[in-house]
Amino acid sequence: MTAELIITFGIALLATFLGTIPFGPINLAVVNITLKKGYPEGFRFSLGASLVEILEVVLAIAFGSVIQSLLSENLVLQIVIIIVFIVVGLYYLLSIQRPVLKSRIKIKVSPFVKGILVALANPQAIPFWVFLLTFISQIITLNLAGIGLLLFLVGVFLGKLAALLLFAYSSKFLRPKLELSCKIINKTLGVILIAIGIFQAIKCF
């Protein structure tokens, strides 16, 4: 495996893992399911949600290629992306969230199917990956063809699965400290996004 393919796989793995860490409906659902039904059920839920992430990334790559072609010739679009990173970062940094262990999916299905349904009902990964791939393309060229694309998608799946299983494994610890954990994690992500926006602004101007 070449260094280029290793980098492509590593970026997908790390980006998906970090992108899953902020508290949202999917990771809150895996905590809830694990607490109620045990770790094996949380694992099955995580598998379903991780498969959907692959589909969302494929869609994001398709949209992202269009944006990347426009970005190289459009300073305004670069500024918009910088603003988006900083605004989203400020949102995570300043917002006060009250995480609730509830799921909007009320029908009785297997945890695996429920993972698919919850992930489909919360497609935030698509805009996340569109903007992230656009940003990454300004720094490094990813190999997203053939084996490179396959490794990227495997990295996405494993990164998502690892993050969700971490939530499942830590569910008993997270529940009594859910609000504090949510605050710490989201503020950390906010700082990272703002830093990315500032870095892109310095690079752009």
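Visitor: How much surface does the protein expose, and what supplies it?
Guide: This is a predicted model. The protein exposes about 10800 Å². Carbon and sulfur atoms supply 73% of that area.

Visitor: What share of the residues is buried?
Guide: Buried residues make up 44% of the 205. The cut-off is under 20% relative accessible area.

Visitor: What makes threonine 20 count as buried?
Guide: Its relative accessibility is 5%. Buried means under 20%, so threonine 20 qualifies. Threonine 20 lies in helix H1.

Visitor: Which residues is threonine 20 in contact with, leaving aside neighbours within four places in sequence?
Guide: Asn27, Lys160, Ala163, Leu164 and Phe167. Contact here means heavy atoms within 4.5 Å.

Visitor: Which elements make up the fold?
Guide: Nine helices and zero strands. Read along the sequence, the pattern is α-α-α-α-α-α-α-α-α.

Visitor: How do you know that the length of helix H2 agrees with the expected span?
Guide: H2 covers residues 25–37, which is 13 residues. The expected span is 1.5 Å times one less than the number of residues. That should give 18 Å, and the end C-alpha atoms are 18 Å apart, so the two agree.

Visitor: Which residues of H2 are buried, and what follows the helix?
Guide: Ile26, Asn27, Leu28, Ala29, Val30, Val31, Asn32, Ile33 and Thr34 are buried. Glycine 38 follows H2, with a positive phi near 105 degrees.

Visitor: Why is the one aromatic pair called edge-to-face?
Guide: The pair is tryptophan 129 and phenylalanine 152. Their ring centres are 5.6 Å apart, and a pair needs centres within 6.5 Å. Their planes meet at 75 degrees. Over 60 counts as edge-to-face, so the name fits.

Visitor: What does this pair tie together?
Guide: Tryptophan 129 lies in helix H6 and phenylalanine 152 in helix H7, so the pair ties together parts 23 residues apart in sequence. Both residues are buried.

Visitor: Which members of the largest nonpolar core touch the most other members?
Guide: Val57, Phe85, Trp129, Leu133, Phe152 and Val156, out of 21 residues. Helices H1, H3, H4, H6, H7 and H9 each give two or more residues to this core. H6 gives the most, with eight.

Visitor: Where does Val30 belong?
Guide: Val30 sits in another core, of 17 residues, apart from the largest one. Ala49, Val118 and Ala119 are also among its members.

How values were computed. Residues numbered from 1 in each chain as written. Predicted model: local features only at pLDDT ≥ 70, side-chain atom pairs only at ≥ 80, totals over all residues. Heavy atoms only, no water. Helix = DSSP H or I, 4+ residues; strand = E, 2+ residues; numbered from the N terminus. Buried < 20%, exposed > 50% of the residue type's maximum accessible area, 1.4 Å probe, protein only. Areas by Shrake-Rupley, 256 points an atom, 1.4 Å probe, with all protein chains shown as cover. Core = buried A, V, L, I, M, F, W, Y, C linked by side-chain atoms within 4.5 Å. Phe/Tyr/Trp six-rings, centres within 6.5 Å; stacked < 30°, edge-to-face > 60°.
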